Amino acid sequence: MSGKITLSVIKADVGGYVGHSDVHPELLKKAEKELESAKKEGLLIDYSRQKVGDDIALIMTHKQGMDSVDIHKFAWETFEACTEVAKELGQYGAGQDLLADAFSGNVKGMGPGCAEMEFEERKSEPVIIFLADKTEPGAWNFPIYKMFADPFNTIGLVIDPNMHDGFIFEVHDLIEEKRILFNCPEEIYDMLVFIGAPSRYVVKNVFRKSDNEPAAATSTQKLFFIAERYVGKDDPVMIVRSQSGLPAVGEVLEPFSFPHAVAGWMRGSHHGPLMPVSIQQDTPTRFDGPPRVVGLGYQISKGRLIGPRDMLGDVSYDNARRVALNMADYFRTHGPFEPHRLPLDEMEYTTMPGVMKKLADRFESTKVVD
Ligand code: F6R
Ligand code: MG
Ligand code: MG
């Protein structure tokens, strides 16, 4: 197939089964049916209907380019159709991520999460798509940094001449809605000032420096900022291309051998480990978690999604799972105390403002008056 293809991953939580733990098979069936007819009509080259926890992910290849109104409209309408099924089955939080009353041009800013990438398919095109539940977009900062900027993770940065120049990171400020490009490795110290604060700064895209080839893309939506009230988690997705001058599959997976602490557990208000899991283990349970990630491997061929292979289900991640479960115990023992609970400025959407208001008159000054 000649010419560029676009890989779009658009996801939403349109109803949980039971609570916020899983997606009912009937919703998945509905999504599958819509995807199949879009493929038959020629809108899509191929699709893979996936999920993690209570989120449905529409993984699509097509020729419509990034930010295509037709693709985004299709995704929105598919989620609407799934919402109808969710309502009928009394699913929890039916339609929760569809924040607008009607679609208007692009799903970005309307609730669903979206990661897209346009590229010329290589002779062989291995891609890994990560889906996470009970966390926020900044959760990818740590693993994406390891993959594309840390030689202790990715030895290819040192010994593969095609990667040796490094990568360009596009970082977004979710609060002021600005972006900046960092050249790595030259600017890693500057970049880490920002991406070490993942609740505000997130890596949106990564490009190979030598030829600007797109290497990774994430979803950055933050539902809290969109809705200005708490409506659920942002549960992000990430696309990573691999091999032949990009990190090897094993280098892409390696960061998940350490279940780093992320925000988003219980009520979006707690830190916990990001546990790598198999597709069969993608349903958060304990304290609505712990947060988890699945890795879906595809070989893209003529635009077709050959896969997925369940990349993080492998036995070599058992130890990470064990560490994550121990970390879960450790964090849970803190109960309502930080650092398990998020800091106050990230809890504004909870009871905090109300309690502050109620007690405002009872606070007495302790200032030493001079
Ligand atoms: C949702 C989530 C859950 C909910 C919790 C309370 O993605 O992570 O932890 O925040 O179950 O949900 P509500 O407020 O709907 O009862
Ligand atoms: Mg939910
Ligand atoms: Mg979710």
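Pro 308 lies in strand E15, which covers residues 304–310. The peptide bond that leads into Pro 308 from Gly 307 is cis. Its omega is near 5 degrees. This is a predicted model, so every value here is computed from predicted atoms.

A cis bond also joins Gly 289 and Pro 290. Here omega is about -10 degrees. Pro 290 sits in a loop. That loop runs between strand E13 (275–276) and strand E14 (292–301).

Phe 287 lies in the loop between E13 and E14 as well. Its phi is positive, about 50 degrees, although Phe 287 is not a glycine. Is Phe 287 buried, exposed or partly exposed? Its relative accessibility is 24%, so Phe 287 counts as partly exposed. Buried would require a value under 20%.

Ser 244 has a positive phi too, near 45 degrees. Ser 244 is likewise a residue other than glycine. Look for Ser 244 in the loop between E10 and helix H7 (249–253). Ser 244 is exposed, because its relative accessible area is 58% and the exposed class begins over 50%.

Now turn to the metals. Which residues coordinate the magnesium ion (ligand 3)? They are Asp 54, Asp 55, Asp 133 and Asp 235, each through OD. The distances run from 2.0 to 2.2 Å. Along the chain, these donors follow the spacing D-D-x77-D-x101-D. Asp 55 belongs to strand E3 (residues 55–62). Asp 235 belongs to the loop between helix H6 (223–227) and strand E10 (237–241). The two are 180 residues apart in sequence, so the pair ties together distant parts of the chain. Asp 55 counts as buried because its relative accessibility is 2%. Asp 235 is buried, also with a relative accessible area of 2%.

The magnesium ion (ligand 2) has its own protein donors. They are Asp 13 (OD), His 20 (ND1) and Asp 54 (OD). These atoms lie 1.9 to 2.2 Å from the ion. Their spacing along the chain is D-x6-H-x33-D. How far apart are the magnesium ion (ligand 2) and the magnesium ion (ligand 3)? The distance is 4.8 Å. Asp 54 coordinates both ions.

His 20 and Asp 54 link distant parts of the chain, 34 residues apart. His 20 is in the loop between strand E1 (4–12) and helix H1 (25–40). Asp 54 is in the loop between strand E2 (46–52) and E3. At 27% relative accessibility, His 20 counts as partly exposed. Asp 54 has 2% and therefore counts as buried.

Step back to the whole chain. How many helices and strands does the chain have? There are 10 helices and 15 strands. A compact globule of 370 residues would have a radius of gyration near 21 Å. The chain has 21 Å, so the model agrees with that expectation. Its C-alpha atoms fill a box of roughly 75 × 55 × 40 Å along the principal axes.

Of the 370 residues, 54% count as buried. Consider the contacts between residues at least 6 apart in sequence: 69% of them join residues at least 24 apart. The accessible surface comes to about 16,900 Å². Carbon and sulfur atoms account for 53% of that surface. The chain carries 41 positive and 55 negative charges. The mean positions of the two sets are 3 Å apart.

How values were computed:
Residues are numbered from 1 along each chain as its sequence is written. Chains are lettered from A and ligands numbered from 1 in the order in which they are written. This is a predicted model: local features need pLDDT of at least 70, side-chain atom pairs count only at pLDDT 80 or more; totals for chains, interfaces and linings use all residues. Side-chain values use heavy atoms; hydrogens and water are left out. Helices (H or I, at least four residues) and strands (E, at least two) are DSSP runs, numbered from the N terminus. The radius of gyration is taken over C-alpha atoms; the globule rule is 2.2 Å times the number of residues to the power 0.38. Buried means under 20% relative accessible area, exposed over 50%, partly exposed in between (1.4 Å probe, protein chains only). Contact means heavy atoms within 4.5 Å. Accessible areas come from the Shrake-Rupley method with a 1.4 Å probe; for residues, only the protein chains shown count as cover. Lys and Arg count as positive and Asp and Glu as negative; His and the chain ends are not counted. The place of a charge is taken as NZ of Lys, CZ of Arg, CG of Asp or CD of Glu. Donors are N, O and S atoms within 2.8 Å of the metal (3.2 Å for Na, K and Ca); water is not among the atoms, so sites may look incomplete.
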